[in-house]
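Here is a walk through one structure, contact by contact. Keep the view open and follow along.

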Amino acid sequence: MARKMLIDGELDKPSEEDTHFDFDLFVIGAGSGGVRASRFSAQYGAKVGICELPFHPISTEVVGGVGGTCVLRGCVPKKILVYGASFGSELEDARSYGWELNERIDFNWKKLLHKKTEEIVRLNGIYKRLLANAGVKLFEGQGKVVGPNEVELIQLDGTKISYSAKHILIATGSRAQRPAIQGQELAITSDEALSLEELPKRAIVLGGGYIAVEFASIWRGMGATVDLFFRKELPLRGFDDEVRAVVARNLEGRGVNVHPRTTLTELVKTEDGIKVRTDHGEELLADVVLFATGRAPNTKRLNLEAVGVELDKNGAVKVDDYSRTNIPTIWAIGDVTDRMNLTPVALMEGTCFAKTVFGGQPSKPDYSSVPCAVFCIPPLSVVGLSEEKAIEQANGDVLVFTSTFNPMKNTISGRQEKTVMKLVVDGETDKVLGASMCGPDAAEIMQGIAVALKCGATKAQFDSTVGIHPSAAEEFVTMRSVTRRIAAGKPKTNL
Amino acid sequence: MAASLSTPKLSSPTLQTLCKKCKFPTNPFSSFSHYNKPNHFGSFISFSHPRTRSYCRRFTTRADSTNVAEPPRKYDFDLFTIGAGSGGVRASRFAANFGASVAVCELPFATVSSDSTGGVGGTCVLRGCVPKKLLVYASKYSHDFEESCGFGWNYAAEPEHDWSTLIANKNAEIQRLTGIYKNTLKNAGVALIEGRGKIVDPHTVDVDGKIYSAKNILISVGGRPFIPDIPGSEYAIDSDAALDLPSKPRKIAIVGGGYIAVEFAGIFNGLKSDVHVFIRQKKVLRGFDEEIRDFVGEQMLLRGIEFRTEESPQAIIKSSDGSLSLKTNKGTIDGFSHIMFATGRKPNTKNLGLETVGVKLTENGAIEVDEYSQTSVPSIWAVGDVTDRINLTPVALMEGGALAKTLFANKPTKPEYSAVPSAVFSQPPIAQVGLTEEQAIKEYGDVDVYTANFRPLKATLSGLPDRIFMKLIVCAKTNKVIGLHMCGEDSPEIIQGFAVAVKAGLTKADFDATVGIHPTAAEELVTMRTPTRKIRRTPSEGKTDSEIKSTAGV
């Protein structure tokens with residue numbers, strides 16, 4: 001039985017101890033956050049039930065699958081395709097290293113797609129086993145909240161069952177959205193893009209976020225002609241401006257046609273493919289048009305309004321620091337709360353939830369210095385503040401250290417692509433406030449830097465660390481001279 | 001800074017001896033004529049560290065009281081550096097930036113080093129880190145090709161490798177780099193003299209007959225591969241030659257189990273040579289964490305490298321068809337096109353005139369230095385591999401940087417050897433920082449060990465048997481992470497950031513508080529929740545619990 005919850009004395013009225021529930025916890029949605037919260041709660045002794053829609057690579061209101069976005073139509077399949085696409089440029093580079101390759105090397109999309117599906121099915125099975133081993137009862141079907149302590153499950157055959165639960169956790173994630181552009185039904189979202197029957201020869205990507213640049217890189221790496229459209233001057237709004245510019249340059253350098261400050265106005269089906277019109281009056285033909293224009297929380301069919309769970313204007317579930325909604329017995333974690341939509345953050349929120357509710361240790365997820373990566377080719381990774389944010393937030397001067405260099409591998413391959421690294425330092429405390437990098441292995445390199453940043457490492461501590469030679473990462477500990485100092489109170493310099 | 005600039009001149013030999021005894025470095029400011037150029041100090045933000053400043057001040061007082069009358073001697077240079085490798089170039093440049101007048105001498109360029117050839121850039125750039133890594137890149141492609149098949153790529157014909165293209169491109173690159181190094185020296189105002197430097201007296205260097213006087217002499221001549229003297233050793237090649245062979249080995253014996261041996265085994269194996277590694281011990285990489293040694297051995301074996309353990313070479317025999325045979329304590333193996341010895345490196349201390357001036361050497365021929373890199377002769381200093389401390393480029397850079405600060409920035413600086421990370425570019429590569437499990441147990445007794453051994457996402461698709469091994473060693477008492485080891489793809493890149501964390505003394509809790517980057521291999525290092533084993537000293541005997549220890553190798 002669950003231990004007493006310490007977070008909120010008022011909730012644990014003695015009388016409640018006597019109430020019998022089918023479950024201590026019922027979780028709706030078995031993605032990263034839901035599975036983590038269920039498993040950890042069960043390990044604390046709670047009786048846990050979880051429901052999830054039936055498996056399908058492309059999600060809808062009625063299909064999903066254990067593993068959720070990350071495993072089935074996000075991080076994992078995306079990274080598999082990125083690996084696949086990266087070989088394209090690797091093979092080009094190999095020639096300068098003395099390898100004799102045929103002019104045309106064949107790429108078989110169907111084979112990769114098949115292997116990707118195999119892999120996500122395997123992972124889906126692993127997740128199910130994880131739940132079973134933790135003693136979590138898994139139900140297949142659609143979950144609905146019908147009361148503060150009541151969940152209704154619509155099973156695959158249409159029958160409904162109700163379960164009572166002391167706590168309900170909503171972890172239903174989010175789904176890709178389509179903008180209201182004429183002919184939008186001709187376009188696809190990232191779900192379909194990960195499961196296309198044929199590799200497009202001509203692809204159009206609309207959007208400037210991480211999903212857009214990742215798919216642009218994937219298709220380009222596999223040999224497609226790619227046109228990328230976004231509204232801003234640079235892709236990846238919110239990231240460090242200097243690094244954004246590098247990403248744009250690299251995309252172009254690898255042959256992606258980049259169209260900044262441009263959006264699509266109309267999609268028309270023609271014999272030669274989808275005809276796309278831009279707001280600049282251009283017309284292009286494509287085999288595939290991908291809308292990577294954002295994701296929306298899956299809160300529609302959960303019946304949340306009926307029980308009074310508050311949503312924000314984007315439809316996300318509103319929660320407090322402990323992931324609790326305005327209904328004390330209902331909690332929510334992961335993308336459905338639209339806080340920081342990353343798998344490891346959902347895991348953190350799931351863990352904190354279990355600790356708070358069943359582990360007797362009220363725990364708030366800590367959103368400071370959360371690192372993240374964008375798997376465009378080459379990738380981008382960051383932790384902490386961008387230069388712009390640091391200038392905005394710092395009280396004193398901000399010191400910026402940058403290093404732009406030709407990676408050693410390119411010296412022989414001749415590839416014209418610079419790696420860029422950046423450290424943003426508080427001039428007063430010497431603390432490293434932010435680190436960014438765009439270049440090969442950025443995501444792998446940034447993880448350790450993130451540990452240092454999380455714990456408030458100073459620039460002096462970075463400098464006192466000896467480099468690993470020859471690596472790209474050693475640049476992070478050998479940035480000796482300040483590239484620029486932004487005096488406190490000065491308006492942002494325009495890069 | 002004002003205080004340090006007013007430091008009086010200091011050239012009395014008596015004082016230098018005194019300083020040496022007191023573990024203070026000598027102060028070279030007597031001929032330090034450009035020290036008031038403020039721009040030279042701009043890049044050293046930690047220049048006015050309070051602790052060091054007070055230390056300098058004490059030092060200054062001492063100098064004031066003893067050395068007033070001695071007139072300064074005129075020297076050609078404030079610093080004369082023998083050897084323009086990583087350490088020498090760094091020390092020279094930084095010294096010049098601090099305002100010193102500096103000359104450096106170096107042997108003429110050649111890909112293979114000898115008593116009369118070398119080249120600006122030194123081992124790292126010309127016949128070490130850089131060309132080695134370029135060859136690692138080249139050889140890793142064969143593994144990429146195999147992997148790519150699992151991702152839908154098809155090759156009509158098996159890719160063939162052309163050795164001469166690679167070596168030509170490699171040589172073009174190191175030529176470019178040696179040029180860059182020369183420019184760096186030039187831009188810093190360092191005089192570069194080509195020739196063989198020899199020490200004549202504590203303040204005099206002879207370069208091929210030309211005599212230069214210097215306030216301070218720095219020896220940074222590095223090390224060279226060493227081949228043991230066995231019959232037929234003239235047929236063996238060392239790593240210098242291996243990086244510049246006219247043709248690719250068909251079948252190669254590599255003798256040695258150190259990092260150079262495993263790196264070249266990976267290179268030639270990747271380029272499809274038949275590779276046999278002969279090691280004296282049971283496993284490769286003595287001194288590394290035992291589990292890492294086991295793991296990398298297994299992975300290399302899976303990639304097709306043959307290991308012959310506990311075999312010591314006794315002779316090399318050349319047969320009439322030109323092929324080589326290696327005779328060991330266990331038998332003779334025939335048919336090698338090449339036999340490479342990666343049996344260690346020795347400091348280049350011969351014919352430098354060191355004996356004449358009384359510079360003390362260790363029994364291995366390395367120059368003995370104190371914590372400030374000062375030799376037994378106070379005006380002579382040494383950094384890098386020639387001192388055989390930690391033989392790594394970044395360490396030589398650190399030593400060179402520290403020396404320049406000590407001598408010309410009035411900031412006595414000791415190189416710091418704790419938590420120095422390092423990598424082995426074997427395939428898969430290894431990287432580590434801090435203590436091995438064995439060292440940690442010896443030093444701390446009670447340690448918690450976290451390990452992960454997993455198949456990376458790439459391997460699940462490629463179907464190759466590649467795995468990744470990671471290990472965190474945590475001091476049970478303080479929760480500090482005292483050792484971190486990894487073998488697998490991208491290890492060297494991954495470990496650098498963690499080295500900052502280990503160097504900063506961060507705890508396991510700090511690691512756990514960090515959110516992962518998904519999906520990466522590196523995120524495993526911040527998501528290790530349960531210790532694989534807890535090793536505890538039994539309180540009565542002060543020894544490691546034998547029962548727990550027995551599981552340590554698993």
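A search of this predicted model finds 25 aromatic pairs over all chains. Start with one of them in chain A. Phe23(A) and Phe139(A) pair edge-to-face. Their ring centres are 6.0 Å apart, and the planes meet at 85°. An angle over 60 degrees counts as edge-to-face. Where do Phe23(A) and Phe139(A) lie? Phe23(A) is in strand β1 (residues 23-28) of chain A, while Phe139(A) belongs to strand β5 (residues 137-147) of chain A. The two residues are 116 apart in sequence, so their contact ties together separate parts of the chain. Both Phe23(A) and Phe139(A) are buried.

Now turn to chain B. Phe77(B) and Tyr212(B) form a tilted aromatic pair. Here the centres are 6.3 Å apart, with 45° between the planes. This pair, too, links distant parts of a chain. Phe77(B) sits in strand β1 (residues 77-82) of chain B, and Tyr212(B) in strand β8 (residues 210-219) of chain B. They are 135 residues apart. Are these two residues buried or exposed? Phe77(B) has a relative accessible area of 15%, so it is buried. Tyr212(B) has a relative accessibility of 12% and therefore counts as buried. The cut-off for buried is under 20%.

Aromatic residues also gather in a cluster. Tyr97(A) and Trp99(A) join Tyr137(B), Tyr141(B), Phe145(B) and Tyr155(B) in one aromatic cluster. Members of this cluster come from chain A and from chain B.

Rings can meet charges as well. Return to Phe23(A): Lys47(A) lies over the face of this ring, 5.3 Å from the ring centre. Chain B offers another case. The charged end of Lys251(B) sits over the ring of Phe336(B), at 5.0 Å from its centre.

Next come the salt bridges. How many are there over all chains? The count comes to 51. One of them joins the side chains of Arg254(A) and Glu417(A), with 2.8 Å from N to O. Both residues lie in loops. Arg254(A) is in the loop between α7 (241-253) and β11 (257-259) of chain A. Glu417(A) is in the loop between α11 (408-413) and β21 (419-426) of chain A. The partners are 163 residues apart in sequence, so the bridge ties together parts far along the chain from each other. Glu417(A) has a relative accessible area of 7%, so it is buried.

Another salt bridge stays within one helix. Lys459(A) and Asp463(A) meet at 2.7 Å, N to O. Both belong to helix α13 (residues 459-464) of chain A. They are 4 residues apart, which means about one helical turn separates them. Lys459(A) is buried, at 1% relative accessibility. Asp463(A), at 23%, counts as partly exposed.

In chain B, Glu147(B) forms a salt bridge with Lys458(B). Their closest N and O atoms are 3.7 Å apart. Glu147(B) lies in helix α6 (residues 129-149) of chain B, and Lys458(B) in helix α14 (residues 457-462) of chain B. The partners are 311 residues apart in sequence, so this bridge ties together two separate parts of the chain. Both ends are buried: Glu147(B) at 2% relative accessibility, and Lys458(B) with a relative accessible area of 11%.

Salt bridges can also form a network. In chain A, one such network links Asp240(A), Glu242(A), Glu387(A), Lys422(A) and Arg484(A).

Now look at a strand. In β21 (residues 447-454) of chain B, 6 of the 8 residues are buried, so the strand is largely enclosed by the rest of the structure. Which strands pair with β21(B)? One partner is strand β22 (residues 468-475) of chain B, which runs antiparallel to β21(B) and is joined by 8 bridges. In this pairing, Asp448(B) stands opposite Val474(B). Strand β24 (residues 533-535) of chain B also pairs with β21(B) in the antiparallel sense, over 3 bridges. There Val447(B) stands opposite Ile535(B).

Last, step back to the record. An unreviewed UniProt entry lists residues 420-528 of chain B as "domain: Pyridine nucleotide-disulphide oxidoreductase dimerisation". This span is 30% helix and 28% strand, and its end C-alpha atoms lie 23 Å apart. For chain A, the UniProt annotation with that name, also from an unreviewed entry, covers residues 370-479. There the chain is 29% helix and 28% strand, with 23 Å between the end C-alpha atoms.

How values were computed. Residues numbered from 1 in each chain as written. Chains lettered and ligands numbered in written order. Predicted model: local features only at pLDDT ≥ 70, side-chain atom pairs only at ≥ 80, totals over all residues. Heavy atoms only, no water. UniProt positions renumbered as here; feature names shortened; annotations may be inferred. Buried < 20%, exposed > 50% of the residue type's maximum accessible area, 1.4 Å probe, protein only. Pairing = 2+ DSSP bridges. Phe/Tyr/Trp six-rings, centres within 6.5 Å; stacked < 30°, edge-to-face > 60°. Lys NZ or Arg CZ within 6 Å of the ring centre and 35° of its normal. Salt bridge = Lys/Arg side-chain N within 4 Å of Asp/Glu carboxyl O.
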